[in-house]
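Please load the model in a viewer and set it to a cartoon representation. The stops below are intended to be followed in order, with side chains switched on as each selection is made.

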Amino acid sequence: MDQRTAFLNRIGTATPGHDIHHAFIRWAESQIRDRHQAALFRRMAARSGIAHRWSVLPPTETGGSPVEPGGFYSAPILPTTAARMALYAEAAPDLALKAIAGLGTLDAISHLVVASCTGFVAPGIDQIIAARLGLSGSIERTLVGFMGCYAAVAALRVAHHIVRSEPAARVLVVTVELSSLHLRPVQAIEPLLAMLQFGDGAAAALVTAEPRGLAMRNFFAATLPDSAGLIRWTIGDEGFAMHLSGEVPGRIGQALAEPELREMLLGQGTVDGWAVHAGGRSILDAVEAGLGLGEDALAASRAVLDACGNMSSATLMFVLARMLREKPPRNGVAVAFGPGLAAEGFRFGGAR
C-alpha cells in the first residue's frame, strides 16, 4: 500500500427520530386533483423502494406530522425561506454532532470538511460544529456547499488530498442535509415524486493516513453532456425547489454505455463492491442494468434507500458505513450522481 494513501477509518451516521414518509404520501395525494394522476402517484410511491424517511421537524403535540394542524407546514401559506433557514441553523449542527458522536473518541483533529446543500448560515455550519466540539480556533476548515448528492465525494476528495500532502493530518469529514425543510405546495406529479425521495440525515468520517478502514484512491468526475437541466436546486421564497427530471435514470443508463464513464468505473480490475448513491430505486435500477451487475450488487444502497430515503450528500456515506461494518471489498467503486448532470466517485478497498 502506498504510504501516502488516505484511509477512511471510521464512519458515524445519524437520522432524526420523526418518520414522515407515509404522512407525506397522504399529503401529496391530497394535492393532486386529477384522480388518475393521484392513482399513478400512489403506485409509484409503493414502488419507490422507500419504507422510511426521517425529519428534524418535530411531531405536533398530538403526535401528528408537520403537515397536520399544529405542524411546521400546517398554515395555508407555508413558511418562508428565512424561517426554514433559521431552523436549519439550529437543527443541522445538532444532527451533525449526533453523527460525529458515533465515531467515538476523536483526538487531535487538524482539519474539518463539511458538506451541505440544504441550508445556509453565517458563521457557517463548519464554524458552529467546530465551536460545539471545542476544536481549536486555528483548525483548518473547508465548507462544500450546494453541490448536491455527490458532495460527499467532493468532501472526501478534499480530505484525501490533505492527508496525502500532510500525512500527520486527522481530517473530520461531515455531511448533513435537512431536505424536509423544503416542502413546497405543488400539484404536479413530477415535483411531488422528487420530494418523495428525500429525507434528513448526517454522517461523519475520520480520514487519516493510518491504514485502517477503507483505502481511497483514483477519484474521478464526469459531466454528462446535454443534461444540465435534469437536476436543479433553485432557491425560492418558500424554500429550495428541487427539480429531478424523470429522464435522469435513462440518461444515466445511456452514459453507462459510453466508453469514458465505463472505463472510469470498470477499467482497473474486477470490482467486487459497489457503493452507489441511493438517489432512488429507478436510478439504482439504471446503474445495475447499465453495468450488468448481479441482483445483489447494490444491496447496501437499496438497504439505505429503504431505511432512510435519499439524504442528498449524506447518502453515500451511509452506504459506505454499511460496507465498512461488513466485510469491505478489496476493489470497490463509490459513485454518486447530482446536478450537472454529473457523476463523481472513487475507488476504495479494505485496508490490508
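**A guided tour of the model**

Begin by selecting F337 and A343: F337 stands opposite A343 in strand 13. Please bear in mind throughout that the model is predicted.

Next, extend the selection to strand 12 (residues 332-338) and strand 13, which pair in the antiparallel sense over seven bridges. Three residues lie between these two strands in their hairpin, and G340 takes a positive phi there, near 145 degrees.

Now show strand 13 (residues 342-350) by itself. How many of its nine residues are buried? The count is nine of nine, and the strand is mostly covered. In a regular strand, side chains alternate between the two faces of the sheet. Colour the two sets separately: A342, E344, F346, F348 and G350 point one way from strand 13, whereas A343, G345, R347 and G349 point the other way. Both sets are buried, including the charged residues E344 and R347.

Which strand joins strand 13 through eight bridges? Select strand 8 (residues 214-223), which runs antiparallel to strand 13. Within this pairing, display R217, which stands opposite R347 in strand 13.

Proceed to helix 9 (residues 281-291). Its buried residues are I283, L284, A286, V287, E288 and L291. An α-helix has 3.6 residues a turn, so residues three or four places apart point the same way. To see what covers the buried residues of helix 9, add helix 7 (248-256), helix 8 (259-266), strand 11 (273-276), helix 10 (299-308) and strand 12, which are among the covering elements. Then select G292, which follows helix 9 and has a positive phi, near 65 degrees.

For the next stop, select residues 11-211, which UniProt lists in an unreviewed entry as "domain: Chalcone/stilbene synthase N-terminal". Over this range the chain is 38% helix and 18% strand, and the end C-alpha atoms are 15 Å apart.

Finally, within that range, isolate helix 1 (residues 21-31) and helix 6 (residues 189-197). Their axes come within 10 Å and cross at roughly 175 degrees. Angles over 145 degrees count as roughly antiparallel, and helix 1 and helix 6 are therefore roughly antiparallel to each other. Display the side chains at their contact: H21, F24, I25, W27, A28 and Q31 in helix 1 meet L192, M195 and L196 in helix 6. By class, this contact has seven nonpolar, two polar and no charged residues.

Conventions:
Residues are numbered from 1 along each chain as its sequence is written. This is a predicted model: local features need pLDDT of at least 70, side-chain atom pairs count only at pLDDT 80 or more; totals for chains, interfaces and linings use all residues. Side-chain values use heavy atoms; hydrogens and water are left out. UniProt positions are given in the numbering used here, feature names are shortened, and annotations may be inferred rather than shown by experiment. Helices (H or I, at least four residues) and strands (E, at least two) are DSSP runs, numbered from the N terminus. Axes are lines fitted to C-alpha atoms, for helices over the stretch in contact, and angles run from 0 to 180 degrees between N-to-C directions. Angles under 35 degrees count as roughly parallel, over 145 as roughly antiparallel, 65 to 115 as roughly perpendicular and the rest as oblique. Contact means heavy atoms within 4.5 Å. Buried means under 20% relative accessible area, exposed over 50%, partly exposed in between (1.4 Å probe, protein chains only). Two strands pair if DSSP finds at least two bridges between them.
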